[in-house]
Amino acid sequence: MLAVAAALGLDRPVVLGCSIGGRIVLHLAHAHPEAFRALIGLQSSAHVEPYYDLEWLHHPEVHGGEVCASVVSG
C-alpha cells in the first residue's frame, strides 16, 4: 500500500480493506498512521472465536484439505 501510494503520488490517501484487507488496514493503522488520511476496516477483527461447532472436523472420515478448499471456494 505504501509503495503504491508513493508511486501514484498520493498525499495521505484513504484506504479501505475488507476481510483479509481489513486485517492489513489494522497493521497499517498501527505501523504507519501518519501516512494515511483515514483507514477503514470492514470485518477486520484481530481475532474471532469460532461461533459454530468445529468438533466434526476431528472425525476420521473428514479430509482437512478438502474441507479447507470447500470453505475457501464457498
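**Talking through a predicted model**

Student: What share of the residues in this protein counts as buried?
Tutor: Keep in mind that this is a predicted model. A residue has to be under 20% relative accessible area to count as buried. Of the 74 residues here, the share that passes is 14%.

Student: In what order do the helices and strands run from the N terminus?
Tutor: The protein has 3 helices and 2 strands to place. Reading from the N terminus, the order is α-β-α-β-α.

Student: Is the protein more spread out than a compact globule, or less, and what is its radius of gyration?
Tutor: For 74 residues the globule rule gives 11 Å, and the protein is well over that, so it is more spread out than a compact globule. The box around the C-alpha atoms, taken along the principal axes, is roughly 55 × 20 × 20 Å. As for the radius of gyration, the value is 18 Å.

Student: How do E1 and E2 run relative to each other, parallel or antiparallel, and how many bridges join them?
Tutor: Look at Val14 first: Ala38 in E2 stands opposite this residue. The two strands run parallel, and the number of bridges joining E1 to E2 is 5.

Student: Which residues of E1 point to the buried face?
Tutor: In a regular strand, side chains alternate between the two faces of the sheet. E1 shows that alternation, with Val14, Leu16 and Cys18 pointing to one face and not buried. The buried ones, pointing to the other face, are Val15 and Gly17.

Student: Which residue in the loop between strand E1 and helix H2 is partly exposed?
Tutor: That loop sits between E1 (14-18) and H2 (20-31). The residue has a phi near 60°, a positive value in a residue other than glycine. Its relative accessible area is 40%, so it counts as partly exposed, and the residue is Ser19.

Student: Is Ile20 buried or exposed?
Tutor: Ile20 is found in helix H2. Its C-alpha is 23 Å from that of Leu10, with the two residues 10 apart in sequence. The cut-off for exposed is over 50%. Ile20 has a relative accessible area of 64%, so the word is exposed.

Student: Gln43 and Ser44 are in the loop between E2 and H3; which of the two is buried?
Tutor: Gln43 has a positive phi of about 50° although it is not a glycine. At 67% relative accessibility, Gln43 counts as exposed. With a relative accessible area of 14%, the buried one is Ser44.

Student: Which residues is Ser44 in contact with, leaving aside neighbours within four places in sequence?
Tutor: Ser44 lies in the loop between E2 and H3. Set aside the neighbours within four places, and the contacts of Ser44 are Gly22, Arg23 and Leu26.

Student: What is the area of the nonpolar surface patch that includes Leu54?
Tutor: Leu54 is in the loop between E2 (38-42) and H3 (64-73), and it counts as partly exposed at 30% relative accessibility. Its partners in the patch are Val48, Tyr51, Tyr52, Trp56 and Leu57. Together with Leu54 they make a patch of about 670 Å².

Student: How much of the accessible surface belongs to carbon and sulfur atoms?
Tutor: The accessible surface of the protein comes to about 6,000 Å². The part that belongs to carbon and sulfur is 62%.

Notes: Residues numbered from 1 in each chain as written. Predicted model: local features only at pLDDT ≥ 70, side-chain atom pairs only at ≥ 80, totals over all residues. Heavy atoms only, no water. Helix = DSSP H or I, 4+ residues; strand = E, 2+ residues; numbered from the N terminus. Rg over C-alpha atoms; globule rule 2.2 N^0.38 Å. Buried < 20%, exposed > 50% of the residue type's maximum accessible area, 1.4 Å probe, protein only. Areas by Shrake-Rupley, 256 points an atom, 1.4 Å probe, with all protein chains shown as cover. Patch = residues over 30% accessible without salt bridge, like charges linked within 9 Å, V, L, I, M, F, W, Y side chains within 5 Å. Salt bridge = Lys/Arg side-chain N within 4 Å of Asp/Glu carboxyl O. Contact = heavy atoms within 4.5 Å. Pairing = 2+ DSSP bridges.
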